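Thanks for making time this morning. I would like to walk through a few places in this model, one after another, and I will go slowly for anyone who has not looked at it before.

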Amino acid sequence: MTPKKPTRDHLPTKEQVRAFIDESETPVGKREIGRAFNIKGADRIYLKKILKELIEEGQLERGRKRELAPAGALPSVAVIEVDRIDKDGEPVARPISWQEDGKPPLIYVLHPGRTQAPGVGDRLLARLARQKDGTYEARVIRRLEASAGPTLGVYTKVGKDGRVQPTNRKLKKEIIVRDENSMGAQTGEVVLCDILPGKTHALPEGRVTQRVGPMDDAASLSLIAIHAHGIPDHFDDVTIKEALTAKPVTLGKRTDLRGLPLLTIDPADARDRDDAVWAAPDDDPKNEGGWQAIVAIADVAHYVTHGSALDKAARMRGNSVYFPDRVVPMLPHELSSDLCSLHENVDRPVMAVQMWFDAEGKKLRHKFMRALIRSVASLTYRQAQDAHDGLTDDKTETLAADVIEPLFGAYAALKKARTRRQPLDLDLPERRIEFGEDGFIKAVHKRERFEAHMLIEEFMIQANVAAAETLVQMKRPCMFRVHEPPATDKMIGLHETLGEMNIRFAKGQVVTTATFNHILAQADNEIDRELVSSLILRSQSQAVYSPENLHHFGLHLSNYAHFTSPIRRYADLLVHRSLIAALKLGDGGLKEEEALEFTEIGTQISATERRAMVAERETTDRFTAVFLANKVGEIFQAKVSGVTRAGLFLSFDDTGADALAPISTLGNDFFNFDPEKHMLVGKRTGRVFRLADRLAVRLREVDIVTGSMIAEIEDGRDGGASPSHRPKSDRSPRGAAKSPARKPVKKKKRTLPKGKKRAQRRQPRD
C-alpha cells in the first residue's frame, strides 16, 4: 500500500494505520509507520495513542524488537518446521511456537533450485513474508539441527494440570502440561506433545497435539513406535487409487508355470507371501544326483512402475515394518496382501529363477523368466517340517512325497555347499508374542526354528546370488546387499570378552566367518551359544544397501543382492527392474535416471531399514514388559549379557526379556568395575559377577512406558558368594568338577587408566 501523505491538518485515521500494518509483508515499528505517513515531531504523540488503542482492542500485537503486527501474525524471522509436502511438491511448514487459538497460518517454504529442498521434520530459521491471503512465504536463512519432533509419552493428571512421561528412555525429564494445553487427555493415555519454548534447567512445559490411545491397550504399544520413529502409516488418496485400479495379470508373453506344483512356506502369522518354491531331481544324465529348483517371486514391478504414486510411496517407506499385532506395509493392502501375494489356487505374476545344482550343491547354471504361477498350497514352517518328518495332515498328505520331499532333497545338497562355504552361523532366537482370543498377550516365546526355515533361507540366498551374478555379468546397475568385515578394534574387544568365558581365538589374526563359527563351537550349551552369538553380532559391521559391490562378509559371498521380497523391500524391487531391463523381459524395467540415483537411494533405504528394526525391537520389549508386569516378584533364570559400572544387564532364559540389576541390588558390598574383563568384583567379599554368569533373579519393577525392567539377584542378599559368583581363580574349568570354595582374597582397588573411557552397554547391531 502507498499511503496518502497527510498535511499538518490531516493525520491518518486509526483504520488507515491498521490497513498499512495489515498489508505490510513483515511486522513494522513506529519508525516505519511514521515514515510512511510523514508523521514528525509532536504528531508522533498522536500515532502513539492510535497504536496503544489498537493494541488494547486486540487488533495489534507487539512482538520482539517492539515490532507491531496484526493479532495472530507471525514475526518477520522465526523458527519453523516442515510438517508436510503438498500435492505440488512444495514444503509446507508451521511455526514452532504458536500461542493463538485455532490453527497457525500456512507457511510455504521457498528454496533456490541449487539447494536440496527441505523435507518433512526439517527445522529452519526463516524470514517470513505475509501474503494478502493470510499465508506466509518463508525464505530459509539457515537449517537448524534436525528436530526430534513431538515427544511421545504417557499422560498423568496431577492436580489441575498434568505430566507426560516420555516413552523414549533417553529423555529423563517429565513434561508439565497445563490443563488448557492437554486436549482433555486422561491419565494413562499415550499422547503426542510439543515442547514449548522456555528455560531448560527446569521441567519443560508442553502442549498435547494428539491423543493416541490408552496405554493398557495392546494396540497402543505399536502405535508408540510408529509415532516415535516417524514411520509413515497412511497412504494418500492418489496412491490408494492406483492400487485400487490394479488388475490381475493374464498369461500374455509370460512363461506358464501353472503346471508345476510350486508352494509357499511361511510363518503361521505371515501377512504376505513373496516367494514360492519347487524342486525336483535333475533329469540330465550328466548331472547324476543333481537337482533343479525354481524360486518364484511376486512380480511387483508389473504394478509399481518408476515415478508412479505407488513407487514414490514405496521409496519413501523403504520397507514394511512388522510389529507383533500389525504390519505397516510398504505397499497398500490391495497389492501387498492381495494381487502381489502368492496365495494358493490363484494365478499370480512372478519373476522366477530356475537353477541347476550338482549332487554337492554347487550351482551349475540359472536362468530368469517372467512367468505366471498357481501355488498349490500355502504351508507354515511347522506343516512342512511335520510332513517331512512323516506327520502329514489333510493338506500335506498328497504333497509330501512328490512336492515336499524333493524340496528337502535339494536342500540336503545345498547344505553341503553351505557347509563348505562356512557362512556366519549365529544362534539368535527371536521372540514371538502370542495373543489370546481376547486380544491380550497370552505368552512370550522364543520362536521355534525348524529345518524347513533353513531350507527356505538357503533357496532364497541362491536366488539372490543368481540375481547379483546376472547383473554383474551383464554390467547393469545393481543394489547390492553389502556387509563389510568387522573393524580391528571390535575384534580386540571381542578377544578380551570371550577370554573371560574361556573361549579363545588368536589375537590379530585375519578373521573369516569360519573363525567365528569355530568360536561358537566352543560354547558349552545353548544358553552360552546364544550369548556368544550376540557378542559376535555386536562386533560385526552394519549391513547396508549400495550400488558398489563390497561383498557380503557374513554370508561369505562375492556377489549378493536382495531379490526375494519386493513386496516388503524397495531394494528388491530395484533389482527386479534392473533384471527386466537387462534381460528384455517386458515393461517395468529400470530407467536410466533411476539408476543415477542408486547411491542416494541406497543410503535412504539403509536408514529406513535401521529405523524399522529399532522400532520393531522396542515394540517387542514393550509387549514383553506388559506380559511380565503381572509377574513382578517372581523368580526367573537369567544370564548376564552385559556388565557395566551401573550394574548387570540380564537376559531371561524363557522369554528373552532384558532387565537391569542395579549395582545396589548385588549385595552389601562395594563393587569395583573391571571394564577389560567385564567383571564386577566385591571389595569386601571378593564376590565376582561376570559376563555369561547364570543367575536366579527376582523381577522387581516393570515400566511398560519405556519397556524397561529392573531385577535383583535372588542370592545377592546374604553376603555369601555362590559358586557362580566366585572369583575366576576359584572357578573350575568348563566341564570339570568344582573345587571347594576358597576364602575370598582381598583385591586391590582397580582404577581406570588415564584417558580410558567408561564402558557402556553395546546394543546388538541391526
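Phe 368 and Phe 563 are both buried, and I should say at once that this is a predicted model. These two residues form an aromatic pair of the edge-to-face kind, with 5.4 Å from centre to centre and 80° between the planes. Phe 368 sits in strand 20, residues 363–374, while Phe 563 sits in the loop between strand 25, residues 544–546, and helix 15, residues 570–583, so the pair ties together parts that are 195 residues apart in sequence. How many aromatic pairs does the structure hold? There are five, and I will describe one more of them.

That other pair is made by Phe 435 and Phe 623, whose ring centres are 5.7 Å apart and whose planes stand at 90°, so the pair is again called edge-to-face. Here too distant parts of the chain are linked, since Phe 435 belongs to strand 22, residues 431–435, and Phe 623 to helix 17, residues 598–628, with their positions 188 residues apart in sequence. Are these two residues buried or exposed? Phe 435 has a relative accessibility of 27% and therefore counts as partly exposed, whereas Phe 623, at 0%, counts as buried.

Staying with helix 17 for a moment, this helix is also the place of Arg 610. Arg 610 has a relative accessibility of 31%, which means that this residue counts as partly exposed. Measuring along the chain is one thing and looking in space is another: Arg 610 and Gln 542 are 68 residues apart in sequence, and their C-alpha atoms are 9.4 Å apart in space.

Let me go back to helix 15, where we find His 576. With a relative accessible area of 0%, His 576 is buried. Which residues does His 576 touch, if we leave out those up to four places away in sequence? They are Ile 297, Ala 298, Ala 301, Met 351, Phe 563 and Pro 566, and you will recognise Phe 563 from the aromatic pair with Phe 368.

Helix 15 also packs against helix 7, residues 309–317, at an angle of about 130° and with the axes 9 Å apart. The two helices are therefore oblique to each other. On the side of helix 7 the contact is made by Asp 311, Ala 314 and Arg 315, and on the side of helix 15 by Tyr 570, Leu 573 and Arg 577. Sorted by class, this contact has three nonpolar and three charged residues, and no polar ones.

A second helix contact involves helix 9, residues 381–388, and helix 11, residues 451–473, whose axes come within 8 Å and cross at roughly 110°. These helices are therefore roughly perpendicular to each other. Tyr 381, Ala 384, Gln 385 and His 388 from helix 9 meet Glu 451, Ala 452, His 453 and Ile 456 from helix 11. In this contact four residues are nonpolar, three are polar and one is charged.

My last topic is an open sheet of three strands, in the order 29-30-31, with antiparallel pairing. Strand 29 and strand 31 stand at the edges, each with a single partner strand, so one side of each has no neighbour in the sheet. From one strand to the next, the twist averages 20°.

Strand 29, residues 671–674, and strand 30 are joined by four bridges, and across this pairing Phe 673 has Leu 680 as its bridge partner. The two strands form a hairpin with four residues between them, and in the turn His 678 has a positive phi of about 55°. On the other pairing, strand 30 and strand 31, residues 688–690, are held in the antiparallel sense over three bridges. Leu 680 has Phe 689 as its bridge partner in strand 31, and Met 679 has Arg 690. This second hairpin has five residues between its strands, and Gly 686 takes a positive phi near 75°.

Which way do the residues of strand 30, residues 679–682, point? Met 679 and Val 681 point one way, Leu 680 and Gly 682 point the other way, and all of them are buried.

Technical notes. Residues are numbered from 1 along each chain as its sequence is written. This is a predicted model: local features need pLDDT of at least 70, side-chain atom pairs count only at pLDDT 80 or more; totals for chains, interfaces and linings use all residues. Side-chain values use heavy atoms; hydrogens and water are left out. Axes are lines fitted to C-alpha atoms, for helices over the stretch in contact, and angles run from 0 to 180 degrees between N-to-C directions. Angles under 35 degrees count as roughly parallel, over 145 as roughly antiparallel, 65 to 115 as roughly perpendicular and the rest as oblique. Contact means heavy atoms within 4.5 Å. Ala, Val, Leu, Ile, Met, Phe, Trp, Tyr, Cys and Pro count as nonpolar, Asp, Glu, Lys and Arg as charged, and the others, Gly among them, as polar. Buried means under 20% relative accessible area, exposed over 50%, partly exposed in between (1.4 Å probe, protein chains only). Two strands pair if DSSP finds at least two bridges between them. Rings of Phe, Tyr and Trp (its six-membered ring) pair if their centres lie within 6.5 Å; planes under 30 degrees apart count as stacked, over 60 as edge-to-face and the rest as tilted.
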